[in-house]
Amino acid sequence: MSDATPSSENPGFDDMARDIAEVPAVEVIVTVAVNLMSAAAVKLGLTEEGEEHKDLDEARKLVQALAGLLDASATEISTFHASPLRDGLKSLQLAFREASLVPDEPGHGPGEKYTGPVYG
């Protein structure tokens, strides 16, 4: 008996790989950015449940990752896609600053090493 799994036993993976291969890179980048934004909003307590899921340490990581992704992909995605994502990032950075008991100095908040200081 072989360790290799026949592809016929796992047709779902092949379908997923084929589906992913058909998606343009810009769409993948934008989808990941929107997922990071959504997760950060939840961790900032900006959803209906509010405080129930609020975790600023987790939010900081998500906002930092979003800023890094947008910075790294700025030349790859059009302004059409980048502008609303940057606006969303800035809103999350401001929400983080407002939610913090001891706000970071301007330029030291999550993602600000990529975006520059964010002021309210």
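This is a guided tour of three packed helices, a pocket and a cavity, taken one selection at a time. The model on screen is predicted, and residue numbers run from 1 along the chain as its sequence is written.

**Stop 1: helix 2 and helix 3**

Begin by selecting residues 25-43, which form helix 2, and then add residues 56-73, which form helix 3. The axes of these two helices come within 8 Å of each other and cross at roughly 160°. Because angles over 145 degrees count as roughly antiparallel, helix 2 is roughly antiparallel to helix 3. If you turn the view to look through one helix at the other, the crossing of helix 2 and helix 3 is left-handed.

To see the contact itself, show the side chains of Ile29, Val32, Ala33, Leu36, Met37, Ala39, Ala40 and Lys43 on helix 2. Facing them on helix 3, the contact is made by Leu56, Glu58, Ala59, Leu62, Val63, Ala65, Leu66, Leu69, Leu70 and Ser73. Coloured by class, this contact of helix 2 with helix 3 shows 15 nonpolar residues, one polar and two charged.

**Stop 2: helix 4 against helix 2**

Keep helix 2 in view, hide helix 3, and select residues 79-99, which make up helix 4. Here the packing angle is about 15°, and the axes of helix 2 and helix 4 lie 11 Å apart. Angles under 35 degrees count as roughly parallel, and helix 2 and helix 4 are therefore roughly parallel to each other. Their crossing is left-handed.

On the helix 2 side, the residues to display are Val26, Val30, Ala33, Val34, Met37, Ala40 and Ala41, while helix 4 contributes His81, Leu85, Gly88, Leu89 and Leu92. Ten of the residues in the contact of helix 2 with helix 4 are nonpolar and two are polar, with no charged residues.

**Stop 3: helix 3 against helix 4**

Bring helix 3 back and hide helix 2, so that the remaining pair can be inspected alone. Helix 3 and helix 4 pack at about 155°, with 10 Å between their axes, and that makes helix 3 roughly antiparallel to helix 4. This crossing, too, is left-handed.

For the contact, select Leu56, Ala59, Arg60, Val63, Leu66, Ala67 and Leu70 of helix 3, together with Leu85, Arg86, Leu89, Leu92, Gln93, Phe96 and Ala99 of helix 4. The contact of helix 3 with helix 4 divides into eleven nonpolar residues, one polar and two charged.

**Stop 4: the largest pocket**

Next, display a surface and look for the largest pocket, which has a volume of about 200 Å³. Its lining can be selected as Ala67, Leu70, Asp71, Ala74, Arg86, Asp87, Leu89, Lys90, Gln93, Tyr114, Thr115 and Val118. Helix 3, helix 4 and helix 5 (112-115) each supply at least two of these lining residues, and the largest share, five residues, comes from helix 4. By class, the lining of the largest pocket holds six nonpolar, two polar and four charged residues.

**Stop 5: the cavity**

Finish with the interior space, for which the structure holds one cavity of 30 Å³ or more; about 30 Å³ of space lies in this largest cavity. Select Gln93, Phe96, Arg97, Ser100, Asp104, Gly109, Pro110 and Glu112 to show what lines the cavity. Helix 4 again gives the largest share of a lining, here with three residues. The lining of the largest cavity divides into two nonpolar, three polar and three charged residues. Before closing the viewer, centre on Gln93, which is among the residues lining the largest pocket and also lines the largest cavity.

Methods: This is a predicted model: local features need pLDDT of at least 70, side-chain atom pairs count only at pLDDT 80 or more; totals for chains, interfaces and linings use all residues. Side-chain values use heavy atoms; hydrogens and water are left out. On a 1 Å grid over the protein atoms alone, a cavity is a set of points where a 1.4 Å probe fits but cannot get out, and a pocket is an open set with protein on both sides within 12 Å along at least five of seven lines; lining residues have an atom within 4 Å of a point. Grid points are joined across faces, edges and corners, and a volume is the space filled by probe spheres set on the points. Helices (H or I, at least four residues) and strands (E, at least two) are DSSP runs, numbered from the N terminus. Ala, Val, Leu, Ile, Met, Phe, Trp, Tyr, Cys and Pro count as nonpolar, Asp, Glu, Lys and Arg as charged, and the others, Gly among them, as polar. Axes are lines fitted to C-alpha atoms, for helices over the stretch in contact, and angles run from 0 to 180 degrees between N-to-C directions. Angles under 35 degrees count as roughly parallel, over 145 as roughly antiparallel, 65 to 115 as roughly perpendicular and the rest as oblique. A crossing is left-handed if the near helix is turned anticlockwise from the far one by less than a right angle, and right-handed if clockwise. Contact means heavy atoms within 4.5 Å.
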